[in-house]
Amino acid sequence: MTLPIATPSPMPSSPASPGLAAAGSSTPQAPGTMAPNRPQLSEALFHKFATLIYELSGMRFELNKSYFIASKIDLRVQALGLKGFEAYYTYLESPSGRAEYGFLIDEITINETFFFRHEPQLQAFRDEILMPLVFARRAQRQMRFRILSAASSTGDELYTIALMLKDMGLVGKDITFELVGTDICHDALEKARAGVYRKYNIRNVPPSLLNLYFEHSPGASATNIGSESWTLKPEIKQMCRFMEGNLMDTVRTQALGKFDIIFCRNVLIYFDEISKEKVVRNLAGLLNDDGYVLLGHSENIYSQRHILRPDKVHTNAIAYTKAPPGTPKL
Ligand SMILES: C[S@@+](CC[C@H](N)C(=O)[O-])C[C@H]1O[C@@H](n2cnc3c(N)ncnc32)[C@H](O)[C@@H]1O
């Protein structure tokens with residue numbers, strides 16, 4: 001089941017009422033320690049939250065992630081001024097609780113990403129995957145080339161592709177590139193659209209591209225207002241479109257149309273085999289017949305090779321293509 005997730009709209013976060021917020025959600029601290037109260041989640045309640053998160057997103061959290069889940073949902077408990085985890089779960093179950101789903105998922109998602117994240121794969125993408133496909137499109141007189149960053153987080157991956165296309169001199173020529181990023185996390189999408197990054201995110205961007213396509217703001221460290229940032233120039237931002245997308249949602253995913261290359265990196269790791277199979281099927285449905293899917297380098301979809309199977313071996317990268325229809329599951 002994939003539940004619809006309402007888009008979070010700005011909501012005033014009510015400060016926790018004294019005497020209400022912490023009740024039932026914290027453990028006592030050892031005397032004399034400075035550590036903040038650590039919220040504790042009972043095993044039964046953890047499973048309820050984990051099941052809801054799974055139904056909403058396909059992400060599977062086991063009991064050993066209880067502290068992580070507790071610390072994240074505690075932020076929502078505080079923001080809403082509720083008594084504790086039990087009250088939050090009751091709210092989520094209530095008719096008005098649906099409006100909260102997006103906020104919950106925004107807290108739970110792990111948005112770690114950065115520009116030029118895996119150089120060997122990007123080299124293979126550029127030389128062995130993209131260019132042969134571009135030549136094929138020219139020969140077919142297909143002048144539109146679509147690339148998807150599925151689970152795009154704050155946009156670093158999609159903008160990396162845009163920078164590479166610019167650098168290769170492919171932009172503004174015969175083929176029109178359409179770059180789309182989707183993610184379940186609204187907060188990450190907002191950041192992607194803003195295109196403002198910290199040093200951590202841009203540290204792998206080649207200096208020539210950094211100078212050409214980013215506006216550097218040193219931040220006002222003397223007055224302690226703002227911090228150093230790099231803002232993408234409009235010519236790069238305009239190449240990319242970001243939209244909400246749950247990889248588990250077949251109907252809305254397929255409405256995105258077909259793509260020539262799909263990046264789906266570092267998200268399948270959060271899914272169990274059942275959600276993974278559904279996502280892989282959705283990705284295959286989005287792929288042109290001769291298109292490619294690229295995963296994170298530590299991910300594998302071996303059990304789903306009846307849907308997407310590894311193409312010929314590329315240097316330092318595995319690209320997946322659609323398995324022929326009727327391929328049996330092994
Ligand atoms: C670790 S980031 C990966 C970002 C980027 N692909 C990369 O490799 O640098 C994982 C992203 O997956 C997103 N995500 C998790 N579940 C999702 C789902 N069901 N549909 C779409 N995005 C999802 C999260 O919001 C998060 O931004």
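Domain bounds here come from an automatic or database domain assignment. With that settled, welcome to the tour; the model you have open is predicted.

**Stop 1: the ligand**

Start by selecting domain 1 (1-108) and domain 2 (119-322) in two colours, then show the ligand. Both domains give residues to the shell around the ligand, so the ligand lies between them. Next, bring up the shell itself, which holds 25 residues; Thr-109, Thr-113, Ala-151, Ser-153 and Cys-185 come nearest. Colour the shell by class and you should find 10 nonpolar, 10 polar and 5 charged residues.

**Stop 2: H1 and H2**

Now hide the ligand and select helix H1 (residues 43-57) together with helix H2 (residues 66-80). How do the axes of H1 and H2 cross? They cross at roughly 75 degrees and come within 11 Å. Angles of 65 to 115 degrees count as roughly perpendicular, and H1 and H2 are therefore roughly perpendicular to each other. Show side chains for Phe-46, Phe-49 and Ala-50 on H1, and for Ser-66, Ile-69 and Ile-73 on H2: these residues make the contact. By class, the contact of H1 with H2 has 5 nonpolar residues, 1 polar residue and no charged ones.

**Stop 3: H1 and H3**

Keep H1 on screen and add helix H3 (residues 85-93); the two pack at an angle of about 35 degrees, with their axes 11 Å apart. Their crossing is left-handed. From H1, pick Leu-45, Lys-48, Phe-49 and Leu-52; from H3, pick Phe-85, Glu-86, Tyr-89 and Leu-92, and you have the contact. Its residues divide into 6 nonpolar, no polar and 2 charged. Phe-49 may look familiar: this residue of H1 also takes part in the contact with H2.

**Stop 4: H2 and H4**

Finally, go back to H2 and select helix H4 (residues 101-108) with it. Their packing angle is about 140 degrees, and the axes lie 9 Å apart. That angle makes H2 oblique to H4. H2 passes H4 in a right-handed crossing. Which residues make the contact? On H2, choose Lys-72, Ile-73, Leu-75 and Arg-76, and on H4, Phe-103, Leu-104, Glu-107 and Ile-108. Sorted by class, the contact of H2 with H4 contains 5 nonpolar, no polar and 3 charged residues. Ile-73 of H2 is one you have already displayed, in the contact with H1.

Key: Residues are numbered from 1 along each chain as its sequence is written. This is a predicted model: local features need pLDDT of at least 70, side-chain atom pairs count only at pLDDT 80 or more; totals for chains, interfaces and linings use all residues. A residue is near a molecule or strand if its C-beta atom, placed from the backbone, lies within 6 Å of it. Ala, Val, Leu, Ile, Met, Phe, Trp, Tyr, Cys and Pro count as nonpolar, Asp, Glu, Lys and Arg as charged, and the others, Gly among them, as polar. Axes are lines fitted to C-alpha atoms, for helices over the stretch in contact, and angles run from 0 to 180 degrees between N-to-C directions. Helices (H or I, at least four residues) and strands (E, at least two) are DSSP runs, numbered from the N terminus. Angles under 35 degrees count as roughly parallel, over 145 as roughly antiparallel, 65 to 115 as roughly perpendicular and the rest as oblique. A crossing is left-handed if the near helix is turned anticlockwise from the far one by less than a right angle, and right-handed if clockwise. Two residues are in contact if their C-beta atoms, placed from the backbone, lie within 7 Å.
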